[in-house]
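This report walks through one chain, from its overall make-up to single residues. Please keep the sequence and the model open while reading.

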Amino acid sequence: MNGPEIHFEVAPELRLFVSHERRRGRSTVTTDGASTLGHVVESLGIPLTEAGQLLVDDRPVSVSHIPAAGESVRVCAVERPQRVPGAPLRFLLDVHLGTLARRLRLLGVDAAYENEDIGDAALATRSADERRVLLSRDRGLLHRRELWAGAYVYSDRPDDQLRDVLERFAPRLAPWTRCTACNGPLKPAAKESVSAHLEHGTWHSYDVFAQCTECDRVYWRGAHHSHLDAIVAQALRDFAPDTTRDKADNADNTEEPTPGNAEDPALGDPR
């Protein structure tokens, strides 16, 4: 590339996307004089899903800006909490994020998940068709043009992944209201109505049940409930403090709704 030279700097949070020589701060980039700033940013390895405000000589510009010689460009990180206009906030997760999908569902967040690798193009198309924010650790996937909205998951640890998504997007939390297996809504279920799904020991040991309205899976407060409850309690404390306070205020006067007691040992812990 032989054209205008610009000065380029990225926020510390975005330095993992660029080459090592560009991670120390300001560097020089030679452009072709015709490409947009958005194209330049992507060509250096930064998915536009992760780029926040673009500043040229400290002035905000759009991704369509064409850099001129001598301009100083700074790429900021996405402002948190990030607002996603145009649709209800809901997610699509790729095949590598099954644990994160189950934890989001546990918290009542609409999180579609592909448990088979259907290919980058199909994932990006589904994101656009269903207006879902695609969550992935695949940087190449987040560069696809078909994508409606997306976000890079920065950690490979489920605890940190969940925290990152909740902090970045601030979704409304409604724990115990979604099926962790298929993402469908849960409803309270009478013991007699789900008896065909229960083993003898479960029938005699538990009285409170919920059932998925889409896949019919039955949930109850089983052996893993304390672990799941700890995940929910931590999320509510950190990301929905008002909900936590209301729950504490009402704890002595009300019984937790049936879906709130739901858990299915057959699924295992959402780890």
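The text below covers the whole chain, then two helices, then selected loop residues.

**Basis**

This is a predicted model, in which local features need pLDDT of at least 70, side-chain atom pairs count only at pLDDT 80 or more, and totals for chains, interfaces and linings use all residues. Residues are numbered from 1 along each chain as its sequence is written, and side-chain values use heavy atoms, with hydrogens and water left out.

**The chain**

The chain holds seven helices and twelve strands. Both are DSSP runs numbered from the N terminus: helices are H or I with at least four residues, strands are E with at least two. Of the 271 residues, 44% are buried. Buried means under 20% relative accessible area, exposed means over 50%, and partly exposed lies in between, with a 1.4 Å probe and protein chains only.

Contact means heavy atoms within 4.5 Å. Take the contacts in the chain with a separation of 6 or more: 62% of them join residues 24 or more positions apart. The exposed surface is about 13800 Å², and carbon and sulfur atoms supply 46% of it. Accessible areas come from the Shrake-Rupley method with a 1.4 Å probe; for residues, only the protein chains shown count as cover.

**Helix α2**

Helix α2 spans residues 98-106, and eight of its nine residues are buried, so the rest of the structure largely encloses it. The buried set is G98, T99, L100, A101, R103, L104, R105 and L106. Two arginines, R103 and R105, are on that list. The packing partners of these buried residues are strands β6 (91-93), β7 (111-113) and β8 (133-136), plus helices α4 (158-169) and α6 (225-239). Just after α2, G108 has a positive phi of about 85°.

**Helix α4 and its crossing with α6**

Helix α4 has twelve residues. From first C-alpha to last, α4 reaches 17 Å, close to the 16 Å expected at 1.5 Å a residue. The expected span is 1.5 Å times one less than the number of residues. Buried in α4 are Q161, L162, D164, V165, L166, R168 and F169. They pack against β6, α2, β8, β9 (149-152) and α6. A170, just after α4, takes a positive phi of about 50°.

How do α4 and α6 cross? Their axes come within 11 Å and cross at roughly 35°. Axes here are lines fitted to C-alpha atoms, for helices over the stretch in contact, and angles run from 0 to 180 degrees between N-to-C directions. L162, R163, L166 and E167 in α4 meet I231, A235, D238 and F239 in α6. By class, this contact has five nonpolar, no polar and three charged residues. Ala, Val, Leu, Ile, Met, Phe, Trp, Tyr, Cys and Pro count as nonpolar, Asp, Glu, Lys and Arg as charged, and the others, Gly among them, as polar. An α-helix has 3.6 residues a turn, so residues three or four places apart point the same way.

**Loop residues**

The table lists relative accessibility for five loop residues.

| Residue | Relative accessibility | Class |
|---|---|---|
| D94 | 4% | buried |
| N183 | 9% | buried |
| T49 | 14% | buried |
| D216 | 43% | partly exposed |
| D156 | 58% | exposed |

D94 sits in the loop between β6 and α2. Residues up to four places away in sequence aside, D94 touches Y113, E114, L123, L135, S136, R137, D138 and L141. The C-alpha atoms of D94 and R137 are 8.5 Å apart, although 43 residues separate them in sequence.

R137 also meets D156. D156 lies in the loop between β9 and α4. With residues up to four places away left out, D156 touches R137 and Q161. Its C-alpha is 8.3 Å from that of R137, 19 residues away along the chain.

T49 belongs to the loop between α1 (37-43) and β3 (51-56). On the same sequence cut, beyond four places, T49 touches V78, L142, L147, G150, A151 and R168.

**Backbone features**

Which peptide bond is cis, with omega near -5°? The bond from R80 to P81. P81 is placed in the loop between β5 (72-77) and β6.

N183 has a positive phi near 85° and is not a glycine. N183 is in the loop between α4 and β10 (186-189). D216, again not a glycine, has a positive phi near 70°. D216 falls in the loop between β11 (209-212) and β12 (218-220).
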